[in-house]
Amino acid sequence: MKEFLKKLKLIQYLTFEIDIQRSDFVKKLRNIVDEEEISILSDPFEAFSRSKNEYKGQVGDHKFKIKRRKKFFDMNMNFAVAEGTYQQQDENLLFEIEINGFIKMMIAFYVIVTLFYILFIGAFFTVDVDEDFSVIMLPFIILHGAMMFGMPYYLMRRSASKMRHEIEREFFFIAKRRESLLGFSNSMN
């Protein structure tokens, strides 16, 4: 199933390196990530959190799993979870990240919607209706079905792409903030 999700671009991979020490990076990443379990049960109440951090998840010494925190009136639909590892190579920190925008609850949604449309179209052809009415209504039913399948897919794919961009930007910002602080402290001496 993972290969299928990769082809649909619901799972994306990101590999890059930045100039920072692992211990500095882990400390700074822990400052912007609330240590919480990422689960379906915590998501509905996430907007009520008073935390100012943008992300929640777990940050370890060699790996992390984070998700963007939901907020009130945020229309971005943040579904994606980024899970990755980092390892030190000389002066650089190498990242290998998997971003998963697929929500497992969507399997049930797609099964229910598929059954609904099969039953609806089957009933539509078995009931004696005017032929002109069926010729007009069938394209609308197909269009509605395409939207019911396409919109959740589009939102999940957009969430994965957006998370990919945000992770890369945030991690480079962590490294740049370190450089700017070092430059500032050197100019003070």
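**Exercise 1. Decide whether Glu 98 is buried or exposed, then look at its neighbours.**

*Solution.* Start with the number: Glu 98 has 16% relative accessibility, so it counts as buried (buried means under 20% relative accessible area, exposed over 50%, partly exposed in between, with a 1.4 Å probe and protein chains only). Keep in mind that this is a predicted model, where local features need pLDDT of at least 70, side-chain atom pairs count only at pLDDT 80 or more, and totals for chains, interfaces and linings use all residues. Residues are numbered from 1 along each chain as its sequence is written, and side-chain values use heavy atoms, with hydrogens and water left out.

Next, find the residue's place: Glu 98 sits in strand β6 (strands are DSSP runs of E, at least two residues, and helices are runs of H or I, at least four, numbered from the N terminus).

Last, check its partners. The Glu 98 side chain makes a polar contact with the side chain of Tyr 13, at 2.9 Å (a pair of N or O atoms within 3.5 Å; within protein, one must be able to donate a hydrogen and the other to accept it, and residues adjacent in sequence count only if both atoms are side-chain atoms).

**Exercise 2. Work out how the rings of Phe 25 and Tyr 86 are arranged.**

*Solution.* First, the whole structure holds 14 aromatic pairs (rings of Phe, Tyr and Trp, the last by its six-membered ring, with centres within 6.5 Å; planes under 30 degrees apart are stacked, over 60 edge-to-face, the rest tilted).

Now take our two rings: the centres of Phe 25 and Tyr 86 are 5.4 Å apart and the planes stand at 75 degrees, so this pair is edge-to-face. Phe 25 belongs to helix α2 (residues 22-32) and Tyr 86 to strand β5, so the pair ties together parts 61 residues apart in sequence.

Then check burial: Phe 25, at 0% relative accessibility, counts as buried, and Tyr 86, at 2%, counts as buried too.

Finally, zoom out: one aromatic cluster is formed by Phe 16, Phe 25, Phe 64, Tyr 86, Phe 95, Phe 171 and Phe 172.

**Exercise 3. Find which helix gives the largest share of the lining of the largest cavity.**

*Solution.* Begin with the space itself: the largest cavity holds about 60 Å³ (on a 1 Å grid over the protein atoms alone, a set of points where a 1.4 Å probe fits but cannot get out; lining residues have an atom within 4 Å of a point).

Now list the lining: Arg 68, Asn 78, Phe 79, Ala 80, Ser 159, Lys 162, Met 163 and Glu 166. Helix α4 (residues 131-188) gives the largest share, four residues.

Conventions:
1 Å grid on protein atoms, 1.4 Å probe; cavity = no way out; pocket = protein on both sides within 12 Å on 5 of 7 lines; lining within 4 Å. Points joined across faces, edges and corners; volume = space filled by probe spheres on them.
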